[in-house]
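Colleague: Please take one part of this protein and go through it closely. I would like the nonpolar interior, with its packing, its empty space and its aromatic rings.

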Amino acid sequence: MTFSELVPNAWGATNWLLPISVMMLVALAVVIWTYTWAQTSGGLKSLMIGMKLAAFLLLAICLLEPMVRYSRPEKGANLMVVMADDSQSLQIKDRGQTQARETQLKQKLTEDSSWLDQLAEDFDVRRYQFDRRLRPVSNFAAYAADQQGSDVLSNVELVSTRFAGRPSAGIVILTDGNATSTSPAELDALDWESLPPIFPVVVGKVRPAKDLGITRLTSTQTNFESAPVTITAELMAHGYQGKRVTVQLLDEENKQIEQKEVKQVEDGRPFAVRFQTRPEKRGVNVYRVKAFADGEDTSNATAESSVEATIVNNERIAVVDRGRGPFRILYVTGRPNWELKFLRRSLQEDEELDLIALVRIAKREAKFTFRGREGQKSNSLFRGFESQDDDTTEQHDEPVFLRLGTDDKDELRGGFPKDAETLFEYDAIVLDDLEATFFTEDQKSLIQQFVSLRGGGLLMLGGQESFGSGQYNKTQIGEMLPVYLDRAVPTASAQYHLSLTREGWLQPWVRIESTEEKEQRRLVSMPDFKTLNVSNSIKPGATVLATVTSADEKEHPALIVQPYGKGRTGALMIGDFWRWQLKSDEDNEDLLKAWRQMLRWSVADVPRRVEVDIQRLNDANRTSTINVRVRDESYKPFDNATIAIEVQTPDGKSIDLSGDPSDSEPGLYVAHFVSSQPGAYRAVVQATGADGSEIEQREAGWVSEPDSEEFQSLEPNREFLETLARRSGGEVVELDQLDRFVSALEHRDVPVTETSSLPWWHRWTIFGIAIGLLVGEWGLRRWKGLP
């Protein structure tokens with residue numbers, strides 16, 4: 001009974017108001033006159049007068065027929081949806097509890113279900129069980145928490161849509177709040193005004209049972225040669241305070257790659273373990289990270305034998321794609337030099353990088369300086385070779401090139417490419433010791449398109465005819481470089497010592513050693529360089545990664561990079577980088593490693609003609625969308641391709657799909673795949689042109705881990721549940737307070753109500769109070785001996 005039900009808010013006999021008022025005035029006068037002669041204290045006299053008048057007033061009010069009118073939910077007119085979470089996370093047993101969450105919830109749904117019966121008396125109750133899907137049930141007798149995933153938001157939205165237009169009093173959700181597909185963006189996207197009040201019932205305590213789990217696993221790739229892949233495992237422990245935890249990195253065949261130990265873990269405090277590794281093969285590589293406490297290896301453990309709340313979250317899978325190569329890098333130089341020698345040597349055993357060199361060994365001569373026998377037009381340098389045809393042999397007014405690393409005899413036969421289709425076959429360009437006039441205006445514009453539109457990399461090395469000395473100022477190539485060439489000074493000779501900037505220390509591909517201490521020692525031991533293209537003016541957006549210091553303590557930029565359009569450009573201002581190797585021990589490969597990492601940087605993130613992107617959808621079916629983007633030879637969207645996709649499932653089976661053209665983006669082909677099994681998936685994508693020719697084959701991979709995601713957190717997500725309740729106008733309910741909550745529902749605002757009237761004077765308590773007051777007043781009079 002509420003306070004509003006004790007106070008009358010309607011009157012049935014207001015015509016008695018005047019007579020009752022007169023009667024009360026008379027009674028007041030008589031009572032006061034009676035006590036005028038009483039020989040007692042003033043306080044006691046006032047008390048007795050008040051008690052008698054109060055009794056008369058209560059009886060007088062009853063003559064007015066007071067009533068209490070109140071609204072309550074009309075029986076059966078309002079919907080009340082009850083949703084029970086049956087995902088596996090409810091199998092957890094909380095610390096200090098003898099029963100799992102599943103058992104506690106099932107008791108509330110079956111054995112101790114008086115709250116459901118009471119709810120059904122006033123509301124039209126609809127019962128559901130949910131995981132990623134919503135399933136109607138007539139009762140909860142068969143309830144079991146054995147499903148994968150828990151999509152609270154989607155199911156709430158589905159219920160709201162299903163009963164749109166019907167009067168709904170609310171949604172009662174019995175869950176631990178650990179939804180596997182919830183993000184702030186999804187919460188904001190909900191139409192909260194259309195939702196009925198949500199009443200989350202929290203299942204579970206904030207202190208879960210003893211458990212060690214991997215909450216998150218991420219992988220990143222860099223151009224650092226020794227360990228280009230970093231796998232980071234984030235872990236959380238409960239009940240292992242001060243214990244030692246072992247974390248292992250395993251390959252796809254469960255062979256151990258590396259093992260690390262974490263000592264003195266703290267309960268409830270996240271910690272991270274990082275592995276750095278180099279994949280042994282190109283393409284998609286699968287890694288597993290496993291964690292267990294000292295003496296509790298879970299390799300052969302079962303859910304029943306393990307001391308942990310669950311062993312599902314002790315292992316996670318990471319997929320790393322190293323299949324972007326081989327990358328083709330075009331190196332163009334104005335003369336044979338030492339840099340080319342060490343560049344080629346550095347890539348001899350590198351399967352990811354192919355260096356194609358175009359070396360000019362003779363410049364073009366003016367026509368009036370032709371020298372040769374009478375009637376001879378071809379260059380004498382080629383006399384004696386197999387081809388003596390003047391039409392195919394280099395002429396005196398053409399530069400003479402040496403081609404190295406080409407795929408066939410026709411590649412670069414005419415010198416530097418003159419069209420986009422030919423140039424765009426490469427992924428990066430390296431220019432060294434070559435003047436700007438070597439290129440035609442069309443070729444300069446083509447190189448600019450190569451970087452800005454194709455997304456390629458451009459690196460200029462510090463030869464004597466590079467940068468300002470090569471007259472690149474006010475050219476399309478000079479516009480892309482990260483330094484201002486109009487403020488550069490001629491190449492200077494002195495003693496320069498290399499050091500890294502703060503930004504350089506943060507870039508893995510700039511460093512050679514794996515630790516800061518070793519890298520510092522390496523920098524100190526490096527030989528001095530003697531040739532530098534000096535430019536102290538850096539463009540906005542450019543980053544200086546390394547500097548050199550001269551003998552007079554002047555510092556100059558040495559390695560500068562910047563993004564440009566879809567690609568990137570870099571400038572190595574040192575002109576004798578090869579000197580590093582000549583001054584080092586014979587078995588020292590620091591320079592070779594530096595060249596490899598610098599070239600890998602130049603091709604990092606360079607688009608290919610076929611790009612594959614896997615996008616996971618947060619739906620009940622765990623659908624993955626395979627997006628395939630295809631470009632033509634000029635790297636424009638290609639709309640006339642045929643896409644064949646072969647998906648390899650975790651159990652070794654193959655499923656064939658085809659990509660359908662997208663209506664939203666040119667050159668985009670889309671296929672959908674349901675990841676029904678947990679584990680790692682591979683997709684081999686084959687793009688074919690309209691004429692049947694192969695464009696490119698790519699490989700991609702992804703992971704489906706519904707169980708691990710379900711047990712990512714063992715504590716109830718109260719913050720999420722409180723957000724649901726607050727934004728929908730409901731309230732959070734504890735599991736053991738369900739009966740009290742249901743009893744109070746009749747006093748909440750609901751769409752359909754009925755008005756009830758209760759005669760106030762029919763209550764025996766009213767007459768009991770009046771008689772009690774009169775008896776009390778009589779007793780006080782007798783106690784004092786008053787008449």
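Modeller: What follows is a walk through the interior, starting from the whole chain and ending with some single residues.

The model is predicted. The protein has 787 residues, and 49% of them are buried. Its secondary structure comes to 18 helices and 34 strands. Of the contacts with a separation of 6 or more, 73% are between residues 24 or more positions apart.

Now the interior itself. In soluble globular proteins, nonpolar side chains tend to be buried together. The largest nonpolar core here holds 82 residues. The members that touch the most others are F416, L423, F439, I447, F577 and W595. Helix α14, which covers residues 590-603, gives this core its largest share, 8 residues. A second, separate core has 27 residues, among them F123, F140, A145 and V742.

F439 is a useful residue to look at by itself. Setting aside the neighbours within four places in sequence, F439 is in contact with F416, L431, L434, K444, I447, Y472 and I477. Two of these names, F416 and I447, are also on the list of core members that touch the most others. F439 also belongs to a cluster that ring pairs build from F401, F416, F438 and F439.

Next, the empty space. Rolling a probe the size of a water molecule over the atoms shows where empty space is left. In this model there are 3 cavities of 30 Å³ or more. The largest cavity encloses about 160 Å³. It is lined by 15 residues, and those closest to its centre are L498, V510, L559, F577 and M598. F577 is thus found in the lining and also among the core members with the most other members touched. Three elements each give two or more residues to this lining: strand β20 (492-500), strand β23 (555-564) and helix α14. Helix α14 is also the helix that supplies the largest share of the core. By type, the lining consists of 14 nonpolar residues and 1 charged residue, with no polar ones.

The aromatic rings come next. The model contains 15 aromatic pairs. One of them joins W338 and F342, which are stacked, with 6.4 Å from centre to centre and 20° between the planes. Both belong to helix α7 (residues 338-346), and because they are 4 residues apart there, about one helical turn separates them. The two rings do not share a setting: W338 is partly exposed at 41% relative accessibility, whereas F342 is buried at 2%.

Another stacked pair is W509 and W601, at 5.1 Å centre to centre and with 20° between the planes. W509 sits in the loop between α11 (502-505) and α12 (516-525), while W601 is in helix α14, so this pair ties together parts that are 92 residues apart in sequence. W509 is buried, with 6% relative accessibility. W601 is buried too, with 7%. Both values fall below the cut-off for buried, which is under 20%.

Two residues stand apart for their backbone. F467 is not a glycine, yet its phi is positive, about 55°. F467 lies in the loop between β19 (457-461) and α10 (476-480), and it is buried at 1% relative accessible area. E553 is likewise not a glycine and has a positive phi, of about 70°. E553 is placed in the loop between β22 (543-550) and β23, and strand β23 is one of the elements that line the largest cavity. Is E553 buried or exposed? E553 is exposed, because its relative accessible area is 65% and the class begins over 50%.

Last comes Q129, in strand β4 (residues 124-130). Q129 is buried, at 8% relative accessibility. Apart from neighbours within four places in sequence, Q129 is in contact with A84, D86, L134, R135, V137, F140 and Y143. One of these, F140, is a member of the second core. The C-alpha atoms of Q129 and N155 are 9.9 Å apart, with their positions 26 residues apart along the chain.

To put the main thread together: helix α14 gives the largest core its largest share, contributes to the lining of the largest cavity, and carries W601 of the stacked pair with W509.

Note on methods:
Residues numbered from 1 in each chain as written. Predicted model: local features only at pLDDT ≥ 70, side-chain atom pairs only at ≥ 80, totals over all residues. Heavy atoms only, no water. Core = buried A, V, L, I, M, F, W, Y, C linked by side-chain atoms within 4.5 Å. Buried < 20%, exposed > 50% of the residue type's maximum accessible area, 1.4 Å probe, protein only. Contact = heavy atoms within 4.5 Å. 1 Å grid on protein atoms, 1.4 Å probe; cavity = no way out; pocket = protein on both sides within 12 Å on 5 of 7 lines; lining within 4 Å. Points joined across faces, edges and corners; volume = space filled by probe spheres on them. Nonpolar A, V, L, I, M, F, W, Y, C, P; charged D, E, K, R; others polar. Phe/Tyr/Trp six-rings, centres within 6.5 Å; stacked < 30°, edge-to-face > 60°.
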